[in-house]
Amino acid sequence: MTLLIEAIKGIGKGRPPEPPKTVQPTRRPDLLQAAMELAETTSQDGRQRALDHAATSVEELQRLRLAVNETISATPVGESVRLVQAWIWSAATSTGHALTEAGESTGYELRLSRYRSDHY
């Protein structure tokens, strides 16, 4: 609404105001694809895996975790990948140790674990 009011005020005064710059969350298909490949492999052998990605923030990993879980939930019922869930491992709150170099350096990583039942 503010942009519209500014545009109306600017009629006849030259160039209209620029729209505000917004930062869209970057969606990295390559990261999502890499995480889904790990999820597929985990669904087959049950071994926990972690994505070796040095995220700039925990929030970035949370967005990726949600994208992975949304992608998995969209697969047909009965597919083995539906037994896998993405979650965030944190050195501060989780047991164990990092599985990746990125996890070692940042203190958190996206993990993929297989469960006995479909949680979607």
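**Group meeting talk: a buried glutamate, a sheet and a core**

Let me start with one side chain: that of E109 reaches the backbone nitrogen of L99 at 2.8 Å. Keep in mind that this is a predicted model.

Stay with E109. A second polar contact, of 2.6 Å, joins its side chain to that of T100. So is E109 buried or exposed? Its relative accessible area is 0%. Buried means under 20%, so E109 counts as buried. Who surrounds E109? Beyond its neighbours within four places in sequence, E109 is in contact with A50, L51, L61, W87, I88, W89, H97, A98, L99, T100 and G103.

Now zoom out. E109 lies in strand β3. That strand belongs to an open sheet of three strands, in the order β1-β3-β2, with antiparallel pairing. Which strands stand at the edges? They are β1, residues 49–51, and β2. Each has a single partner strand, so one side of each is left without a neighbour in the sheet. From one strand to the next, the twist averages 35°.

Next, the pairings. β1 and β3 are joined by three bridges. Within that pairing, L51 has L110 of β3 as its bridge partner. β2 and β3 pair over seven bridges, again antiparallel. Opposite W89 we find our E109. And β2 is largely enclosed by the rest of the structure, because five of its seven residues are buried.

What packs on the sheet? Helix α3 does, touching β1, β2 and β3. Its direction makes about 170° with that of β2. A quick check on this helix: at 1.5 Å a residue, its 16 residues should span 22 Å. The end C-alpha atoms are 22 Å apart, which agrees. The buried residues in α3 include E60, L61, L64, A67, V68, N69 and I72.

Some of those names come back in the core. In soluble globular proteins, nonpolar side chains tend to be buried together. Here, the largest nonpolar core has 19 residues. Which of them touch the most other members? L64, V68, I72 and L110 do. Four elements give two or more residues to this core: α2 (29–45), α3 (58–73), β2 (84–90) and β3 (108–114).

Take I72 as a last stop. Leaving aside neighbours within four places in sequence, I72 is in contact with M36, A39, V81, R82, V84 and Y120.

To recap: E109 is buried in β3, α3 packs on the sheet, and L110 is among the core residues touching the most other members.

How values were computed
Residues are numbered from 1 along each chain as its sequence is written. This is a predicted model: local features need pLDDT of at least 70, side-chain atom pairs count only at pLDDT 80 or more; totals for chains, interfaces and linings use all residues. Side-chain values use heavy atoms; hydrogens and water are left out. A nonpolar core is a set of buried Ala, Val, Leu, Ile, Met, Phe, Trp, Tyr and Cys residues joined through side-chain atoms within 4.5 Å. Buried means under 20% relative accessible area, exposed over 50%, partly exposed in between (1.4 Å probe, protein chains only). Contact means heavy atoms within 4.5 Å. Two strands pair if DSSP finds at least two bridges between them. Axes are lines fitted to C-alpha atoms, for helices over the stretch in contact, and angles run from 0 to 180 degrees between N-to-C directions. The expected span of a helix is 1.5 Å times one less than its number of residues. A polar contact is a pair of N or O atoms within 3.5 Å; within protein, one must be able to donate a hydrogen and the other to accept it, and residues adjacent in sequence count only if both atoms are side-chain atoms.
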